[in-house]
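Biologist: Got a minute to walk through this model with me? Let's put it on screen first.

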Amino acid sequence: MASSDLGQGRSLAGPAFPADDGSADPVLRALLGGGCDSEAQMLQALSEARLLVAVMAVADEVSDDGSDKSSHMAVVSMVNAAGEKGLLAFTGLDSMSAWNPEARPVPVPARAAAEAALADGAQALVIDVAGPARVVLPAVVLMELTGGQ
């Protein structure tokens with residue numbers, strides 16, 4: 001069988017951000033850091049933005065010696081003192097590493113991060129939780145970002 005026949009005509013989708021090196025968009029970061037004149041301006045910037053969603057390994061089963069027998073990857077969320085859940089996202093690898101250097105980045109459009117937060121029952125999307133400027137987008141803003149989906 002020829003190697004081109006192995007997939008039977010199927011192929012993997014190409015990366016959504018092929019030239020992405022993990023750097024934060026300086027314009028987006030400036031807007032999120034307080035340089036935004038209006039919610040509409042922020043929504044416009046986010047509608048075109050790439051965010052990094054954090055995923056971490058979660059142990060499913062631990063052996064007697066304390067090592068992982070099996071694990072899975074999961075997106076990361078935080079719960080505040082009021083019990084509200086926020087999905088974590090980051091503008092760049094630097095801000096993700098400042099929070100947790102073991103986190104793995106998954107680049108997604110900001111709209112997809114907002115959709116994932118809402119689908120997971122989160123009340124917010126928390127961007128750059130460890131800085132340089134933490135931004136919490138509440139569910140009402142997430143609904144606007146997703147077009148009410």
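Modeller: Before we start, one cut-off: a residue counts as buried when its relative accessible area is under 20%, and as exposed when over 50%. Also keep in mind that this is a predicted model.

Biologist: Okay, then is T146 buried or exposed?

Modeller: T146 sits in the segment after helix 5 (139-145). Its relative accessible area comes out at 0%. The cut-off for burial is under 20%, so T146 is buried.

Biologist: Which backbone oxygen does the side chain of T146 reach?

Modeller: Start with the surroundings: leaving aside neighbours within four places in sequence, T146 is in contact with R111, A114, E115 and L118. The polar partner is a backbone atom, at 3.1 Å from the T146 side chain. That distance fits the 3.5 Å limit for a polar contact, and the oxygen belongs to M143.

Biologist: How many residues are in the largest nonpolar core?

Modeller: The members that touch the most others are L28, L46, L51, L125, I127 and L137. Elements giving two or more residues to this core include helix 1 (26-35), strand 1 (50-62) and helix 4 (110-119). In soluble globular proteins, nonpolar side chains tend to be buried together. The count for this core is 25 residues.

Biologist: And the other core, how many residues has that?

Modeller: It lies apart from the largest one. Among its members are M56, F90, A103 and V129. Its count is 10 residues.

Biologist: Which residues does L28 touch, not counting those up to four places away in sequence?

Modeller: L28 is one of the core members with the most contacts to other members. Contact here needs heavy atoms within 4.5 Å. With that, the list is A45, L46, A49, L51 and T91.

Biologist: Which peptide bond is cis?

Modeller: Most peptide bonds are trans. Look at the loop between strand 6 and strand 7, where P132 is found. With omega near 15°, the cis bond is the one from G131 to P132.

Biologist: What phi does D128 have?

Modeller: D128 is also placed in the loop between strand 6 and strand 7, and it counts as buried at 1% relative accessibility. Most residues other than glycine have a negative phi. D128 is not a glycine, yet its phi is positive, at about 55°.

Biologist: Last one: in what order do the elements run from the N terminus?

Modeller: The chain has five helices and seven strands. Residues 24 or more positions apart account for 61% of the contacts with a separation of 6 or more. Written out, the order is α-α-β-β-β-β-α-β-α-β-β-α.

Conventions
Residues numbered from 1 in each chain as written. Predicted model: local features only at pLDDT ≥ 70, side-chain atom pairs only at ≥ 80, totals over all residues. Heavy atoms only, no water. Helix = DSSP H or I, 4+ residues; strand = E, 2+ residues; numbered from the N terminus. Buried < 20%, exposed > 50% of the residue type's maximum accessible area, 1.4 Å probe, protein only. Polar contact = N/O pair within 3.5 Å; in protein donor to acceptor, adjacent residues only side chain to side chain. Core = buried A, V, L, I, M, F, W, Y, C linked by side-chain atoms within 4.5 Å.
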